[in-house]
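These are my notebook entries on a structure that I had not examined before. I set out to look up one helix packing, one pocket and one cavity.

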Amino acid sequence: MSYAQSPKRTGLPREVVRWLQSLDLSLYPKNVRRDFSNGYLVAEIFSRYYPQDFPVHSYDKGSSLSAKQRNWSQIERSLQKQNLQLMKEVTDGTIHCKPGAAELLVQEVYAVLTNRSIRDVKDPESDFTDQVYQDLLPTLARSTASKAIKNNLKMTEIMAEPDISTNQRKAEVILHRHLEHKAAERVLYPGRFKVKPNLGQLAAKNLVLFSHGDECIDSPSSGNTTSKTTLCFIQPPYSPPPPSPPGTKEVFSTCHGSSQWTAPQRLSDLSHRPGHLTETTADRQSRHSVGTI
């Protein structure tokens with residue numbers, strides 16, 4: 001099987017892939033994240049430009065953490081002789097197979113050795129998480145909180161720095177990022193999480209801008225500006241008053257174009273004499289004598 005053919009998707013720009021093919025490496029990187037983690041291919045690439053400072057036979061092809069640390073420490077010492085330097089965060093992410101770290105490392109090595117800039121290429125996230133991959137998955141297939149910590153906090157990373165407090169802070173950062181992403185999803189898709197609207201959201205539905213036929217209040221804005229804010233409140237639908245008992249008279253009054261119902265008055269409380277509005281003492285005594293109420 002020949003390794004001259006490049007894989008379908010390497011995560012590298014086309015010009016970087018052609019550059020790697022021109023170097024005639026002993027092993028073509030089919031899996032960029034895995035093949036560059038031990039640093040052997042990086043040392044082999046630098047040996048094409050600086051053969052005296054990067055002897056390939058002194059590097060280990062193993063995949064253990066100790067072999068990776070030895071290779072990368074030797075690469076760092078050789079780069080210092082040439083006044084070259086690689087980003088520490090990128091090399092650490094490449095050692096621990098973080099998403100996007102190896103691709104960014106190869107692009108950086110290409111820019112250092114060829115003095116060329118890569119155009120139309122977006123750099124991966126600096127935190128080297130799997131958030132981009134999680135966004136491509138359906139909702140039910142995305143990682144839980146414990147799975148997110150397992151995916152973004154590698155075992156080799158814990159072995160390289162066994163301090164409990166440091167690893168606990170890293171786990172808390174990953175968990176906080178996961179909870180923030182979940183909270184954003186609940187806001188964007190409330191129906192998926194069966195989120196019920198609160199009282200404030202329900203009250204906001206009664207506030208309508210520029211509604212015709214409703215009572216509106218214009219409030220001028222602060223400052224020297226001439227803009228105004230118009231608030232329109234929807235009046236509740238009109239409901240007829242309850243039926244009045246027999247022998248009463250209903251009185252309606254009109255206020256602001258709407259009917260307003262007032263308390264009924266008894267006909268016996270009003271004077272039947274023309275020109276009189278109140279009942280006299282003689283009339284009241286005559287009513288009580290005949291037993292009327």
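The entries below take the helix packing, then the pocket, then the cavity.

**Entry 1: the model.** I note at the outset that the model is predicted.

**Entry 2: helices α3 and α4.** I looked up how helix α3, residues 40-47, lies against helix α4, residues 65-81. The two pack at an angle of about 25°, and their axes are 9 Å apart. I record α3 as roughly parallel to α4 because angles under 35 degrees are counted that way. I then checked the handedness and found that α3 passes α4 in a left-handed crossing.

Which residues make the contact? From α3 I list Y40, V42, A43 and F46. On the side of α4 I list N71, W72, I75 and L79. Sorted by class, the contact of α3 with α4 has seven nonpolar residues and one polar residue, and no charged ones.

**Entry 3: the second largest pocket.** I turned next to the second largest pocket, for which I noted a volume of about 810 Å³. Its lining consists of 33 residues. Those that lie nearest the centre of this pocket are K88, E89, T91, D92 and G93.

I also asked which helices each supply at least two residues of this lining. They are α4, α5 (88-95), α9 (155-160) and α10 (164-188). Helix α4, already met in the packing with α3, gives the most to the pocket lining, with eight residues. By class, I find 13 nonpolar, ten polar and ten charged residues in the lining of the second largest pocket.

**Entry 4: the cavity.** How many cavities of 30 Å³ or more are there? I record one cavity of that volume. The largest cavity has a volume of about 170 Å³.

I counted 14 residues in the lining of the largest cavity. Nearest its centre I list D130, Q131, Q134, A148 and H178. The elements that give two or more residues to this lining are α7 (131-136), α8 (145-152) and α10. Helix α10 has the largest share of the cavity lining, with six residues. The lining of the largest cavity divides into two nonpolar, seven polar and five charged residues.

**Entry 5: cross-reference.** I add one remark on α10. This helix supplies at least two residues to the lining of the second largest pocket, and α10 also contributes six residues to the lining of the largest cavity.

How values were computed:
Residues are numbered from 1 along each chain as its sequence is written. This is a predicted model: local features need pLDDT of at least 70, side-chain atom pairs count only at pLDDT 80 or more; totals for chains, interfaces and linings use all residues. Side-chain values use heavy atoms; hydrogens and water are left out. Axes are lines fitted to C-alpha atoms, for helices over the stretch in contact, and angles run from 0 to 180 degrees between N-to-C directions. Helices (H or I, at least four residues) and strands (E, at least two) are DSSP runs, numbered from the N terminus. Angles under 35 degrees count as roughly parallel, over 145 as roughly antiparallel, 65 to 115 as roughly perpendicular and the rest as oblique. A crossing is left-handed if the near helix is turned anticlockwise from the far one by less than a right angle, and right-handed if clockwise. Contact means heavy atoms within 4.5 Å. Ala, Val, Leu, Ile, Met, Phe, Trp, Tyr, Cys and Pro count as nonpolar, Asp, Glu, Lys and Arg as charged, and the others, Gly among them, as polar. On a 1 Å grid over the protein atoms alone, a cavity is a set of points where a 1.4 Å probe fits but cannot get out, and a pocket is an open set with protein on both sides within 12 Å along at least five of seven lines; lining residues have an atom within 4 Å of a point. Grid points are joined across faces, edges and corners, and a volume is the space filled by probe spheres set on the points.
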